[in-house]
Amino acid sequence: MTRRVLSLCAALLAVHAGAQTLVPLDSRPATRVLPALIAEVGGGTVQVPGADLLGNAQRGADPAALAAWLGAQPTNEPLVVALDAFAYGGLVQSRTSPLSAEEALARLEPVRAWGGRTGQPVYAFITLPREPDATNRERNLAVVRQTVEWARQGVFKELHVTWDDALPGSPAPAEGAALAQEAPANVLVYPGADEVLAMLAARALAPTEKTVRVEYSDPAKARQVIRYEGIPLTQSAENHARASSFRVVTEGPADLTLYVYNGGDPRQAAVRVSSLLRRGPVAVADVAQVNLGNTRLWSDLATLRQHANLRSLAAWGTPGNNLGTALAHARLALEGADPVRQDALLAREFANDVIYSAEVRAALRQAIPEAELNTPAGQAKLLELARDYFPLRVGLTYTLDDATLPWGRSFEWDFDLKPR
């Protein structure tokens with residue numbers, strides 16, 4: 001298909017799509033840029049606050065400015081919102097904010113009133129903070145309990161209560177279990193954080209349930225409890241599937257196969273993914289290591305030219321991060337992805353999850369001390385190192401136009417790719 005035809009398809013799809021409003025946890029590319037691109041993969045447009053309106057590691061979002069922004073957005077599509085952004089200023093601030101429960105809930109009033117004012121559904125989520133960072137768990141729990149009550153009253157179409165980075169000894173799994181026992185049907189409770197906005201966008205834009213079959217590279221290991229979630233990988237996959245408008249099936253045909261690489265021979269895994277693609281749509285979540293894609297798996301898939309045929313791929317974060325973003329992207333791609341946007345999103349996922357996470361980040365840390373990354377020299381070194389891995393060929397071929405470290409640290413980057 002020529003680029004001109006692809007562009008025409010994009011224009012036609014965009015004509016029929018509405019504008020959805022997303023309010024992310026904070027300004028990180030994983031929480032702000034990626035969910036918006038996933039929501040737009042079908043050809044629509046998304047309203048999302050500028051990075052300057054959202055929180056970062058040093059400061060929280062200004063609730064008044066965020067409320068003013070929300071009040072100026074279109075009201076003809078659902079709202080998908082991270083409640084922590086309003087209540088505390090962001091995920092980081094939700095752990096240490098000095099606000100009382102009453103003050104945090106007052107900051108949620110613009111969101112609570114939005115559905116009644118617009119007549120549109122609200123898809124929201126709120127997190128249980130991680131240990132040992134949380135300084136006032138009882139306050140956070142009180143706020144969560146009130147949002148659950150609002151969901152019971154119909155303020156939210158759906159509310160997802162998720163817990164963040166639950167290492168051994170964290171009280172969050174027990175807190176979540178207690179909340180789930182009394183939660184109404186429109187409240188889901190499970191481990192997650194950064195990936196949840198994308199999944200809720202999939203729920204809002206594609207509410208009809210589709211089926212997914214999950215295959216693991218190491219089935220026995222998949223039944224073990226995974227780090228950061230406190231539950232088996234198999235249960236995490238079911239949680240994230242449900243939260244992304246999928247139902248897990250084990251027999252019969254399925255709309256999607258999610259291949260989860262959780263260890264073992266990466267070359268054999270790449271061959272298996274290639275075989276699965278001959279049978280139907282496939283997404284790949286690489287969860288063998290945290291925040292680090294497996295270079296052998298992905299280089300073999302690229303050699304086989306199969307990364308371009310996936311519905312989605314994810315390897316950038318925790319197991320839950322990767323499962324959630326892969327499933328959300330795949331769910332919306334199954335609705336009929338714009339071919340230009342789909343290819344560009346796969347390219348971005350590969351550039352971030354494989355090239356940066358597995359190659360560039362380590363080289364950057366070796367070249368520049370972490371404390372000096374938030375300098376012109378650090379930013380220049382990032383661009384210099386990253387350009388060695390481009391051009392990148394997916395369907396189209398992409399060059400790296402620019403790259404930055406938006407939070408002044410090596411953990412995440414932001415970047416622009418240009419097709420040629």
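**Group meeting: contacts and aromatic pairs in a predicted model**

Let me begin with E215, which is placed in strand β7, the run covering residues 210-216. What we are looking at is a predicted model, and the distances I quote are computed from its coordinates. The side chain of E215 makes a polar contact of 2.7 Å with the side chain of R272. If we set aside the neighbours within four places in sequence, the residues in contact with E215 are L258, Y259, V260, R272 and L276, so R272 appears both in that list and as the polar partner, by the distance cut-off of 3.5 Å between N or O atoms.

A second acidic residue I would like to show is D194, which lies in the loop between β6 (187-191) and α10 (196-205). Is D194 buried or exposed? Its relative accessibility is 12%, and because buried means under 20%, D194 counts as buried. The side chain of D194 is joined to that of R28 by a polar contact of 2.8 Å. Again leaving out neighbours within four places in sequence, D194 is in contact with L25, R28, A30, T31, L91, W316 and N321.

Stepping back to the whole chain, the protein has 17 helices and 14 strands, and its C-alpha atoms fill a box of roughly 55 × 55 × 50 Å along the principal axes. For 420 residues, a compact globule would be expected to have a radius of gyration near 22 Å, and the protein, at 20 Å, agrees with that. Buried residues account for 55% of the 420 residues. If we take the contacts with a separation of 6 or more, 75% of them are between residues 24 or more positions apart.

I will spend the rest of the time on helix α16, residues 339-367, which has a kink of about 60 degrees centred on Y356. At its N-terminal end α16 is capped by D338, with a side-chain oxygen lying 2.8 Å from the backbone nitrogen of V340.

Now to the aromatic rings, where a search of the whole structure finds four pairs. Two of them involve α16, as F350 and Y356 both belong to that helix. In the pair formed by W298 and F350, the ring centres are 6.3 Å apart and the planes stand at 90 degrees, so this pair is edge-to-face. It links distant parts of the chain, since W298 is in helix α14 (residues 295-303) and F350 in helix α16, with their positions 52 residues apart. W298 and F350 are both buried.

How are the rings of Y356 and W413 arranged? Their centres are 4.8 Å apart and their planes are at 10 degrees, so the pair is stacked. This pair, too, links distant parts of the chain: Y356 is in α16, whereas W413 sits in the loop between β13 (397-404) and β14 (414-419), 57 residues apart. Y356 and W413 are both buried, and together with F415 they form one aromatic cluster. Y356 is therefore a residue to look at twice, because the kink in α16 is centred on it and its ring is stacked with that of W413.

Finally, two arginines are placed over aromatic rings. R348 lies over the face of F415, at 4.2 Å from the ring centre, and F415 is a member of the cluster I have just described. The charged end of R361 sits over the ring of F411, 5.2 Å from the centre of that ring.

Key: Residues are numbered from 1 along each chain as its sequence is written. This is a predicted model: local features need pLDDT of at least 70, side-chain atom pairs count only at pLDDT 80 or more; totals for chains, interfaces and linings use all residues. Side-chain values use heavy atoms; hydrogens and water are left out. Helices (H or I, at least four residues) and strands (E, at least two) are DSSP runs, numbered from the N terminus. A polar contact is a pair of N or O atoms within 3.5 Å; within protein, one must be able to donate a hydrogen and the other to accept it, and residues adjacent in sequence count only if both atoms are side-chain atoms. Contact means heavy atoms within 4.5 Å. The bend at a residue is the angle between axes fitted to the seven residues ending there and the seven starting there. Rings of Phe, Tyr and Trp (its six-membered ring) pair if their centres lie within 6.5 Å; planes under 30 degrees apart count as stacked, over 60 as edge-to-face and the rest as tilted. Buried means under 20% relative accessible area, exposed over 50%, partly exposed in between (1.4 Å probe, protein chains only). A charge sits over a ring if NZ of Lys or CZ of Arg is within 6 Å of the ring centre and within 35 degrees of the ring normal. The radius of gyration is taken over C-alpha atoms; the globule rule is 2.2 Å times the number of residues to the power 0.38.
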